[in-house]
Amino acid sequence: MSTLRSSTFQLEQPDFIGDERPMPKTPRTMTSISKGKIDMSGRKPLPKGKMTRSTVATIAKYQDIEVENPDNSYNEDKEWKNEGTSQWVVIKKNKNIQMKLNFLMDRSCKVKQDLKSKRNVLMSEMRKVPGLIINELIQYYYEPHQHDLTTDTEDFDLYEKMKTFQMDDKHRLHYKNVVNELVNTEKTYIQGLDIIIDVYLDTLIGSSKKLAKELTPIKDQISLILRSHQELLKELLGALIKNGECPLIGDIIVNFSPSLEDCAKYIFNYPTYLEKITSIMDSSAISLTSKKAEDYRNSHQNCYVQNIQQYLITPIQRIPRYVLLISDLLRNISMVFGDAPRLIEAHKAIKKVATTINEKGHEYEADEKLAFVKTLLTNFTPKEIKREFICCGPMYVVNDRVSLPTVWKYFFLFSDILVVTEVIQLQGKSIKDRTETLFESLLRIPELKDLHDSKFEVEQIIRFYNDTTVEVEEDTKFVHNMFTIKENNNDLLSETISLASTMSDCSIAWFTAIKSVLKHFMTSED
């Protein structure tokens with residue numbers, strides 16, 4: 001099964017109305033909101049074997065975060081025809097969180113320059129909504145779109161320009177200078193990694209067993225990166241010796257590029273490493289390492305030892321630097337230049353590695369979050385397959401629709417199952433009474449890490465199948481914001497569960513997440 005993170009996301013627009021007015025028995029006349037839609041398409045399709053990222057997000061334009069309404073009045077007769085269901089959805093003022101989620105969570109969209117600020121405004125507004133379910137969905141689906149330093153079109157234009165480019169002595173000199181810059185910055189980068197290990201990590205590791213346990217994994221990762229770059233520098237210096245005026249480095253970069261993937265784990269863990277090492281570097285640690293820093297300066301001519309934080313970030317900065325330098329080389333050579341084809345291949349290889357590292361970062365993050373969630377669950381013994389954690393939070397279980405729901409559970413949504421649990425311990429304190437106050441408290445927990453020292457006993461695991469659906473239910477006098485998860489095979493043993501929340505935003509978020517999971521699950525099964 002491919003990861004849900006790469007799935008096509010399409011929001012079914014549910015209508016969850018927070019007030020107690022009954023829904024109309026017959027739909028009012030539909031007014032199509034076709035004018036002012038934004039088609040957020042254009043992202044490159046995924047490689048073969050994964051789902052195609054087609055255009056699936058269409059949202060209404062709105063001023064900042066509200067639905068666009070110049071006269072500040074709101075027409076409640078405007079309705080949205082949901083093509084995926086037979087539901088007629090009334091869009092109401094301040095009830096457009098589903099559109100915000102659609103805009104933020106559609107990872108297939110290519111954000112235009114003029115929409116970047118609006119995305120950030122939406123992001124800020126979404127974070128104001130209480131509840132772990134909202135925040136986890138934002139973290140899962142939303143990423144700042146890390147555009148390449150050059151787009152594919154710009155790359156193509158660059159390669160085409162090389163076919164007619166006339167290379168003269170000025171360009172040859174610039175080419176030589178850029179190669180020298182690559183070599184010199186590589187030397188500086190390698191020395192920085194060496195200082196991290198020699199001056200700081202080795203000194204601290206040797207000072208106590210506790211620090212040795214904490215810092216040795218970091219040292220191992222940096223040592224792996226250091227060795228690969230030392231080999232690269234050796235190859236580059238060899239190319240300079242062989243042809244100092246016009247060194248050929250295309251093959252060297254192409255062969256080296258796969259080893260850059262060794263940085264993936266370090267880059268993902270960088271915030272944690274930085275925080276850990278910063279907390280360790282108190283006055284005693286600084287005093288301990290300052291003597292070693294002085295010895296390093298004396299043994300390395302013209303060397304200035306900075307604090308460790310300045311060096312820790314350099315592996316993150318190095319890959320974009322390679323892209324910039326190689327692009328500079330390509331702008332100053334013609335296609336008849338002997339190394340041109342291999343430099344183009346090197347340029348593509350480095351950019352591909354940058355994308356791969358980004359994807360691996362997501363995998364590390366997903367694995368780490370899944371491992372943490374497993375520590376929270378007792379009696380959690382499903383079949384071990386590749387799955388991702390999506391979100392969690394409390395919801396009321398609707399047993400009948402003619403009375404107020406009073407039974408609530410805490411749910412964990414994964415990419416293939418929904419786990420129903422009972423909270424038995426919260427942040428180290430045993431839970432005996434599952435009151436509405438506790439429900440509201442759990443609803444407003446902002447981050448997953450705030451569930452530390454908590455335990456949830458698994459009561460039921462709802463598995464998703466090809467015929468599993470999630471549908472919005474009409475409000476009743478007593479139950480609002482309700483949806484049902486069920487199988488459509490008419491089997492007496494089929495699992496069906498209806499859920500509701502006191503907050504319409506949370507019901508919308510749950511419906512949205514489950515709908516997306518089911519869509520991806522069915523596609524991957526096919």
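**Entry 1: Arg444**

I began with Arg444, which lies in the loop between α13 (436–443) and β10 (455–463). The model I am reading is a predicted one. I asked whether Arg444 is buried, exposed or partly exposed. Its relative accessibility is 42%, so I entered Arg444 as partly exposed, the class between buried, under 20%, and exposed, over 50%. I then looked up its separation from Leu132. Arg444 and Leu132 stand 312 residues apart in sequence, yet their C-alpha atoms are 6.4 Å apart in space.

**Entry 2: the chain as a whole**

I next recorded the general features of the protein chain. I noted 14 helices and 13 strands. Of the 526 residues, 48% are buried. I also looked up how contacts are spread along the sequence: among those between residues at least 6 apart, 74% join residues at least 24 apart.

**Entry 3: confidence**

I checked the pLDDT before going further. The average for the protein chain is 75, and 70% of the residues score at least 70. Over residues 1–100 the pLDDT is below 50, although the model gives this stretch 213 contacts beyond near neighbours in sequence. For residues 102–119 the pLDDT stays under 50 as well, and I noted 63 contacts beyond four places in sequence. Where pLDDT is low, the predicted coordinates should not be read in detail. I have kept that caution beside both entries.

**Entry 4: α5 against α6**

I turned to helix packing. Which angle do α5 and α6 make? I found about 155° between α5 and helix α6 (residues 209–242), with the axes 9 Å apart. Because an angle over 145 degrees counts as roughly antiparallel, I entered α5 and α6 as such. The crossing of α5 past α6 is left-handed. Sorted by class, the residues of this contact are 23 nonpolar, 5 polar and 5 charged.

**Entry 5: α5 against α9**

I then compared α5 (residues 169–205) with helix α9 (residues 283–299): their axes come within 9 Å and cross at roughly 135°. This angle makes α5 oblique to α9. I recorded the crossing of α5 past α9 as right-handed.

Which residues meet here? From α5 I listed Gln191, Asp194, Ile195, Asp198, Val199, Tyr200, Thr203 and Leu204. On the α9 side I listed Ala285, Leu288, Thr289, Lys292, Ala293 and Tyr296. By class, I entered 8 nonpolar, 3 polar and 3 charged residues for the contact of α5 with α9.

How values were computed. Residues numbered from 1 in each chain as written. Predicted model: local features only at pLDDT ≥ 70, side-chain atom pairs only at ≥ 80, totals over all residues. Heavy atoms only, no water. pLDDT = per-residue confidence, 0-100. Contact = heavy atoms within 4.5 Å. Axes fitted to C-alpha atoms, helices over the stretch in contact; angles between N-to-C directions. Helix = DSSP H or I, 4+ residues; strand = E, 2+ residues; numbered from the N terminus. Parallel < 35°, antiparallel > 145°, perpendicular 65-115°, else oblique. Left-handed = near helix turned anticlockwise from the far one by under 90°. Nonpolar A, V, L, I, M, F, W, Y, C, P; charged D, E, K, R; others polar. Buried < 20%, exposed > 50% of the residue type's maximum accessible area, 1.4 Å probe, protein only.
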